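Let's walk through a protein model together, starting with the whole chain and ending at a single helix. Take a moment to turn the structure around before reading on.

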Amino acid sequence: MAERKPVHITKEQLAEQRGYAAEVSAMENRPRSYHVVTYGCQMNAHDSEKLSGMLRQMGMEEAPTREDADFVIFNTCCVRDNAERRALGNVTWLKEVRKKNPNLIIAVCGCMIQQPGMAEKILKQYKFIDLAFGTSNLWRLPELLHRTLRSDRSVVVVEEEDSIAEDLPVQRLRQDAAYITIMYGCDNFCSYCIVPYVRGRERSRDPEAILREARELHASGVKEIMLLGQNVNSYGKGLECGMNFPELLRRLDEVGIPRIRFMTSHPKDLSDELIEVLGQSKHILPQFHLPVQHGNDEILRRMNRRYTREQYLDKVRKLRQAVPGIGLTTDIIVGFPGETEEQFLDTLSIVEEVGYDSAFTFIYSPRTGTVAASMEDQIPEDVATDRIKRLIAAQEAGQKKAMSRFIGSEEEVLVEGLSRRSDKAVSGHGRHGVSITFPGTESDIGQIVRVRVTEMKNNTLMGERI
Ligand code: 5AD
Ligand code: SF4
């Protein structure tokens, strides 16, 4: 693969975009309200916060639903087929809404657009889409919208550029918790995964820019930050200053934000140095998302994961030794090409052996262009469905057992909202990452409250204030 260098978007380029934003906000035919629809991971959720930030800069107000908005933008995901189908279905449905609001502008961005051939497909099959752009072009939204408003044809811009844009305006979803992207892209090329093709090569943000952002968030009262990257453990690769992820965490720990989390970690890059930092830090939460993907060595090899079951379990042991009671979560795929019943049983047994607090479980979905998509022996749907059901049952049993370690213990909960079951209760996440519900009111939202866990009801931990 040809070498690709990160492209740092300059201050001048961003000033130019602000110029476009000012021009858009003065245009007669500009949309007055917007709605962002987000699919996929936290990285996309944070990208949507940036889209909102830029749209506000252009004088638009957020509309509560897509039916009320003049500008609807779909921030898409293509990691699995169902995410892609859902997005395309919803975009097409919006065509009907336009019959009622002829001024409606429909835009689509994100990973799906970055796939090979997608730009042509939109121009041919989805002509009603006014604007489409890829993940690397997000920072250019003001210019692209400016172009769309002056054109009666679709504007489609997809560049294969590994951009890093600092200081974009951000409209955060939550006031008490914030995302900070620390690195973009992925170089791992797991054989099933489309991400390296649509998010580009790994590139890390300047640590000083990250620290500045963290200090500003701390000063504005943010209580929790989530560091984002497809593979945060390889943060720093290619940076001249020599910073790595453990060192970045050490520096962030000194900022004083009460709670620091991060995701996602690749087991092969989880170093002893990082485990040591976790054990010593004050603010890094005792939780770890460590995708295992599979429990069988042969499948792990064909997935190009570059660790064995035993090596994975060894990292789990070390994490538990350094941070007793650490909350572990994972991602698992069933039905990878060629997966035999026996190999699947290895996945069931690793889930039982580790005892995860929660797991995201997926049926393998072939993605065009990836190595696994052209492997022989694709697994029939009914076999994969049966396996995921058994996996979910094993995980639920393990989860119950794992969660029971919290009963009787004290936890600090960052309250996220009223409980879904009762308006006299609130819920949020404890430091270990598990959700806890306890008596409270709206005024608790955004506060950190000390709680004693009293019982588990329908798989949810219940508590009382201390
Ligand atoms: N099919 C199913 N699951 C996938 N994931 C990534 N690619 C695929 C695919 N082709 C899962 C992995 C990853 C998570 C974000 O999505 O488990 O960790
Ligand atoms: Fe995909 Fe593997 Fe990269 Fe994760 S580490 S984004 S699964 S290629």
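What you see is a predicted model. Its protein chain is built from 13 helices and 21 strands.

How is the chain packed overall? Its C-alpha trace spans about 60 × 55 × 50 Å along the principal axes. A compact globule of 466 residues would have a radius of gyration near 23 Å, and the protein chain has 23 Å, so the two agree. Within the chain, 56% of the 466 residues are buried; here, buried means under 20% relative accessible area. Contacts tell us about the path of the chain as well: among those between residues at least 6 apart in sequence, 75% join residues at least 24 apart.

Now look at the outside. The protein chain exposes about 21,100 Å², and carbon and sulfur atoms supply 48% of that area. As for charge, there are 63 positive and 68 negative side chains, with the centres of the two sets lying 2 Å apart.

Finally, let's zoom in on helix H9, which runs over residues 272–280. Which of its residues are buried? Leu274, Ile275, Val277 and Leu278 are. They cover an arc of only 160° around the axis, which means that they sit on the same side of H9. A general rule helps here: an α-helix has 3.6 residues a turn, so residues three or four places apart point the same way. And what do the buried residues of H9 pack against? Their partners are two helices, H8 (245–253) and H11 (309–322), together with two strands, S13 (259–263) and S14 (287–289).

Technical notes. Residues are numbered from 1 along each chain as its sequence is written. Chains are lettered from A and ligands numbered from 1 in the order in which they are written. This is a predicted model: local features need pLDDT of at least 70, side-chain atom pairs count only at pLDDT 80 or more; totals for chains, interfaces and linings use all residues. Side-chain values use heavy atoms; hydrogens and water are left out. Helices (H or I, at least four residues) and strands (E, at least two) are DSSP runs, numbered from the N terminus. The radius of gyration is taken over C-alpha atoms; the globule rule is 2.2 Å times the number of residues to the power 0.38. Buried means under 20% relative accessible area, exposed over 50%, partly exposed in between (1.4 Å probe, protein chains only). Contact means heavy atoms within 4.5 Å. Accessible areas come from the Shrake-Rupley method with a 1.4 Å probe; for residues, only the protein chains shown count as cover. Lys and Arg count as positive and Asp and Glu as negative; His and the chain ends are not counted. The place of a charge is taken as NZ of Lys, CZ of Arg, CG of Asp or CD of Glu. The arc is that of the directions from the helix axis to the C-beta atoms.
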